[in-house]
Amino acid sequence: MGALYEDVAAMDASYHLPTYARKPVLFTRGEGMRLYDDDGREYLDFVAGIGVVNLGHAHPAVAEAVCEQMRKLVQVSNLYHVEHRAALAGRLSALAGGGWKTFLCNSGTEAIEGAIKLARRWGKERRGSDCFEIVTAERSFHGRTMAALSATGQPSKQEAFEPLLPGFSHVPLNDIGSLEAAVTERTCAVLIEPVQGEGGVFPCDEAYLEAVRSLCDARDVLLIFDEVQSGMYRTGTAFAWQGYGVRPDVMTLAKGLANGLPAGAVLASGSAAEAFSPGDHGSTFGGGPVIAAAALATIDALEAEGLGANAAKTGEVLRASLRELAVRSGAITEVRGRGLMNAVTLAVPDAQQVGAACLERGLIVNAIGDSIVRFLPPLVCTEHETAILVDTLDAVLGAT
Ligand SMILES: Cc1ncc(COP(=O)(O)O)c(C=O)c1O
């Protein structure tokens, strides 16, 4: 760690509200799968900004698109048309199979706020003012603003900020009976992550998602998929639901959408796409020219480099190696994931120590709570790099 690290860490401690327990490292440069600290030390990044830089760090095509747009036009209000914004909405609709309309915003939590407002608006129009309730999953994560936090199924993140917004209930994931019981005349939507991310990477069962779709159709309730983390090819397909073959009515995106720039989106189809009228929702910065250009360049590069296929293939190799490690070491009780969205549960609850030991060895992983370690590398990750991850984990788990 260099002198710059010491200065920056001291400034952070003095001047930032202490909302983050930051790690003892200062990254100053990135390229592809790699990050470099202020001493020039190289790290292999299996976090990718928490599932954000799907193309890898400092992708030249995104940098070029941003610089070009910065020189031309930086900001125009959403009251006016913008070339790249329109193109981005069309591109997202096509990626999702057509028939979608988009609202662009700046983050995942904002996308969830937009989806909640849209569902309430739709429900009230459909069945009157009592139809505003939303059912989500236990252990889910949908963001930190008050409505997104109320939707989140993690009491530990909510309790300090009660009272929460009314109208949210939570059911166990992959249990269709509980969902059937929870959906009533007052329910306007079911909100689900196809693969729970922040909760520790818990994929929905395929039969469960199909049953959720049928239930929503039968009860005339919107199905919203939160694809903030699982979208943008992370699980192999552009959106995780495409891998399941279950199409939602509404979906939310953010994280990988503009490869590291703040972008979010709500996509709606069918009657959900008719719910909003002018004035119902808005954003000053959402879908600005620079972000929209970055998102278009990101989608182009994800497609041109075949990174969805790589995520699917490399993810399978990674899970197979992690399962071998689990058997060999006895230190891992479960391996879970789809594409390059993966996690292990440890036999001994020392995930934080494992994360710290990996960092010391030049490998960045994400510890969740006491027992889960998550891996969300850029989608350029190779089999060789997954082998380094598994070898490092092997050494660390033997040593901790
Ligand atoms: C599934 C999901 N939804 C919403 C969010 C909130 O996104 P943001 O941090 O961009 O507000 C996250 C963030 O981790 C997420 O994983």
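Select helix 3 (residues 60-72) and helix 11 (residues 289-304). In this predicted model, the two pack at an angle of about 155 degrees, with their axes 8 Å apart. Helix 3 and helix 11 are therefore roughly antiparallel to each other. Look at the crossing: helix 3 passes helix 11 in a right-handed sense.

Now show side chains at this contact. On helix 3, pick Ala61, Val62, Ala65, Val66, Gln69 and Met70. Across from them, on helix 11, pick Pro289, Val290, Ala293, Ala294, Leu296, Ala297, Thr298, Asp300 and Ala301. Colour them by class: the contact of helix 3 with helix 11 has 12 nonpolar, two polar and one charged residues.

**Next stop: the domains**

Colour the protein by domain. The domain assignment gives domain 1 as 3-55 + 306-399. Domain 2 is 60-304. Their centres, taken over C-alpha atoms, are separated by 26 Å. The contact takes 23 residues from domain 1 and 25 residues from domain 2.

Stay on the domain 1 side. Which elements each supply at least two residues of the side that touches domain 2? Select helix 2 (48-51), helix 12 (307-329), strand 13 (332-338), strand 14 (341-346) and strand 17 (372-375). Helix 12 gives the largest share of this side, five residues. By class, the side of domain 1 that touches domain 2 has 12 nonpolar, eight polar and three charged residues.

**Next stop: helix 12 against helix 14**

Keep helix 12 and add helix 14. Their axes come within 10 Å and cross at roughly 20 degrees. That angle makes helix 12 roughly parallel to helix 14. The crossing of helix 12 past helix 14 is right-handed.

On helix 12, select Thr314, Val317, Leu318, Ser321, Leu322, Leu325 and Ser329. These meet Glu383, Thr386, Ala387, Val390, Leu393, Asp394, Leu397 and Gly398 in helix 14. How do the residues of this contact of helix 12 with helix 14 divide into nonpolar, polar and charged? Eight are nonpolar, five polar and two charged.

**Next stop: helix 13 against helix 14**

Hold helix 14 (residues 383-399) and bring in helix 13 (residues 351-360). This pair packs at an angle of about 125 degrees, with axes 10 Å apart. That makes helix 13 oblique to helix 14. Here too, turn the view to the crossing: helix 13 passes helix 14 in a right-handed one.

From helix 13, select Val354, Ala357 and Cys358. Their partners in helix 14 are Thr392, Val396, Leu397 and Ala399. The contact of helix 13 with helix 14 has six nonpolar, one polar and no charged residues.

Pause on Leu397. It is among the helix 14 residues that meet helix 12, and it is also among those that meet helix 13.

**Next stop: the ligand**

Show the ligand and its shell. It is surrounded by 14 residues. Which are the closest? Label Gly108, Thr109, Gly143, Val228 and Gln229. Now select helix 5 (residues 108-127). Helix 5 gives the largest share of the shell, three residues. Colour the shell by class: four residues are nonpolar, seven polar and three charged.

**Last stop: two backbone details**

Switch to a backbone view. Most residues other than glycine have a negative phi, and most peptide bonds are trans. Two places here are worth a click.

Go to Pro163, in the loop between helix 7 (155-158) and strand 6 (168-171). The peptide bond from Glu162 to Pro163 is cis, with omega near 5 degrees.

Then go to Val201, in the loop between strand 8 (195-196) and strand 9 (202-203). Is its phi positive or negative? Val201 has a positive phi of about 60 degrees, although it is not a glycine.

Note on methods:
Residues numbered from 1 in each chain as written. Predicted model: local features only at pLDDT ≥ 70, side-chain atom pairs only at ≥ 80, totals over all residues. Near = placed C-beta within 6 Å. Helix = DSSP H or I, 4+ residues; strand = E, 2+ residues; numbered from the N terminus. Nonpolar A, V, L, I, M, F, W, Y, C, P; charged D, E, K, R; others polar. Axes fitted to C-alpha atoms, helices over the stretch in contact; angles between N-to-C directions. Parallel < 35°, antiparallel > 145°, perpendicular 65-115°, else oblique. Left-handed = near helix turned anticlockwise from the far one by under 90°. Contact = placed C-beta atoms within 7 Å. Domains from an automatic or database assignment.
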